[in-house]
Structure formats: structure tokens, C-alpha cells
Amino acid sequence: MKIYNQRVQQLTDQQQADLVNQQANGQFLQLDFDTRQRSRFRATLQNGEAVGIDLPRTGTLKDGDVVQNASGDIIQIFAKPQTLTKVTADNAFELMRGAYHLGNRHVPLMLVEQGQAQHALYFEPDYVLADMLVKLGLTVSEVKHAFEPETGAYGHGEHSHGHDNRLSHADTQSAIVGDLTKATFFS
């Protein structure tokens, strides 16, 4: 079994051509969100070949990501359609209320624009949350859709414990407490 242990950041023209051929031959992975969050797992390519994934803990695999093994072989990862709860509303404010309540519960949430002024929220099924949203007046339905939830505002998709050293923590506190109009915030 081949073990893929590295993410490919930049593809060469040859690698891009290889991926097209691999897709035609079923040499790719379709994975649900829960699996794409893990750094180590065993999976089966669409053509039936077993592979292992053993990546550093560097974040969730996204739809279209490419991984490589020590021999230079690559495979592409696709988000597998899975059962999700879809939330819509009569207006943007009501949908925003639903997003607030789901976010307050730290629910992984995918936001989708479906056309002019048409938006929807998607999350993994949870009947308690669905019932709460119905009671708020939102429309809830079950759908099959690939799940790519928002990654958060601070890490741009990657979790980091790095610090911006332009201001010390004490400077930040005094700037914020002193006068919000003159506070220096991180860009």
C-alpha cells in the first residue's frame, strides 16, 4: 500500500496532466469532511486501490488538494457529497440570526451564495439544531452536498499559535483601553 505523506503546494504542468489521466482512471480519493480533518487514515481510491494518508497536522484537506508519497506519486482529494442540513430564510437577517445561533454553538458551518440575494447555510445533521432553527422561523431540509465549512477568521485556514510582535500584549491592552479610535490592531 502506498503511503502519501506530503501536501503538494505547486503543481508542475506534468503533474496537472497526470491528475487529468488519474481522474479518468479512478485514481483519486473522494472523502467526507470528517475524514478530511484527520491527518492519518487508510482510504480506497475510486478504482479500488488501498492507500494510506500520513500527513503532518497542518489542517483539513480541502476539495482539490493534492498529496504526494516519497516516490513522487500524487493523488488528488475531492470532497465527497454527504448528507447535510441546509438552512434558508425569507431574508438575509433571519439567515444571519440562524448563523449566529449555530456559530455560538461552534458548529462547523458552510455558507453558500446561491444567486442574487439567495444564500444558504449547511451543517452536518443534528436534529436538535434543526429543530432550534425551525423554531426561529428558518427553512430546514436534508440534502446531499460536498461539505467545505468556514475555517475561521484568524488562521486563513490553518491553525497557528504565532504572535505578531509589533505590539506587546501590554501595549495592546493599553491601546484598546485608552482610546479605541487610536488603537493599533493587527492587519
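**Exercise 1. Two helices that meet**

At roughly what angle do the axes of helix α3 and helix α4 cross? Work out their relative direction, their handedness and the residues in contact.

*Solution.* A word on the model before we begin. This is a predicted model, in which local features need pLDDT of at least 70 and side-chain atom pairs count only at pLDDT 80 or more, while totals for chains, interfaces and linings use all residues. Residues are numbered from 1 along each chain as its sequence is written, and side-chain values use heavy atoms, with hydrogens and water left out.

Step 1: find the helices. Helix α3 covers residues 92-104 and helix α4 covers residues 127-135. Helices (H or I, at least four residues) and strands (E, at least two) are DSSP runs, numbered from the N terminus.

Step 2: take the angle. The two axes come within 10 Å and cross at roughly 150 degrees. Axes here are lines fitted to C-alpha atoms, for helices over the stretch in contact, and angles run from 0 to 180 degrees between N-to-C directions.

Step 3: name the arrangement. Angles under 35 degrees count as roughly parallel, over 145 as roughly antiparallel, 65 to 115 as roughly perpendicular and the rest as oblique. Therefore α3 and α4 are roughly antiparallel to each other.

Step 4: add the handedness. The α3 and α4 crossing is right-handed, meaning that the near helix is turned clockwise from the far one by less than a right angle.

Step 5: list the contact. From α3 come Gly98, His101 and Leu102, and from α4 come Leu129, Met132 and Leu133. Contact means heavy atoms within 4.5 Å. Sorted by class, four of these residues are nonpolar, two are polar and none is charged.

**Exercise 2. The nonpolar cores**

Identify the residues that touch the most other members of the largest nonpolar core, and the strands that supply it.

*Solution.* Step 1: define the core. A nonpolar core is a set of buried Ala, Val, Leu, Ile, Met, Phe, Trp, Tyr and Cys residues joined through side-chain atoms within 4.5 Å. Buried means under 20% relative accessible area, exposed over 50%, and partly exposed in between (1.4 Å probe, protein chains only).

Step 2: pick out the best-connected members. The largest core has 13 residues, and Leu29, Val51, Ile53, Val67 and Ile75 touch the most other members.

Step 3: trace the strands. At least two residues of this core come from each of β2 (29-31), β3 (40-44), β4 (50-54) and β6 (74-79).

Step 4: look around Ile53. Leaving out residues up to four places away in sequence, Ile53 touches Tyr4, Leu29, Ser39, Arg40, Phe41, Val67 and Ile75.

Step 5: check for another core. A second, separate core of 11 residues includes Leu95, Leu102, Leu129 and Leu133.

**Exercise 3. Three residues to place**

Decide whether Ala99, His106 and Gln10 are exposed or partly exposed.

*Solution.* Step 1: Ala99 lies in helix α3 and is partly exposed, at 22% relative accessibility. Beyond its neighbours within four places in sequence, Ala99 is in contact with Leu109 and Leu121.

Step 2: His106 sits in the loop between α3 and β8 (110-115). His106 is exposed, with a relative accessible area of 71%. Its phi is near 55 degrees, a positive value in a residue other than glycine.

Step 3: Gln10 belongs to the loop between β1 (2-7) and α1 (13-24) and is exposed at 70% relative accessibility. Gln10 and Val66 are 56 residues apart in sequence, yet their C-alpha atoms are 9.3 Å apart in space.

Definitions and conventions
Ala, Val, Leu, Ile, Met, Phe, Trp, Tyr, Cys and Pro count as nonpolar, Asp, Glu, Lys and Arg as charged, and the others, Gly among them, as polar.
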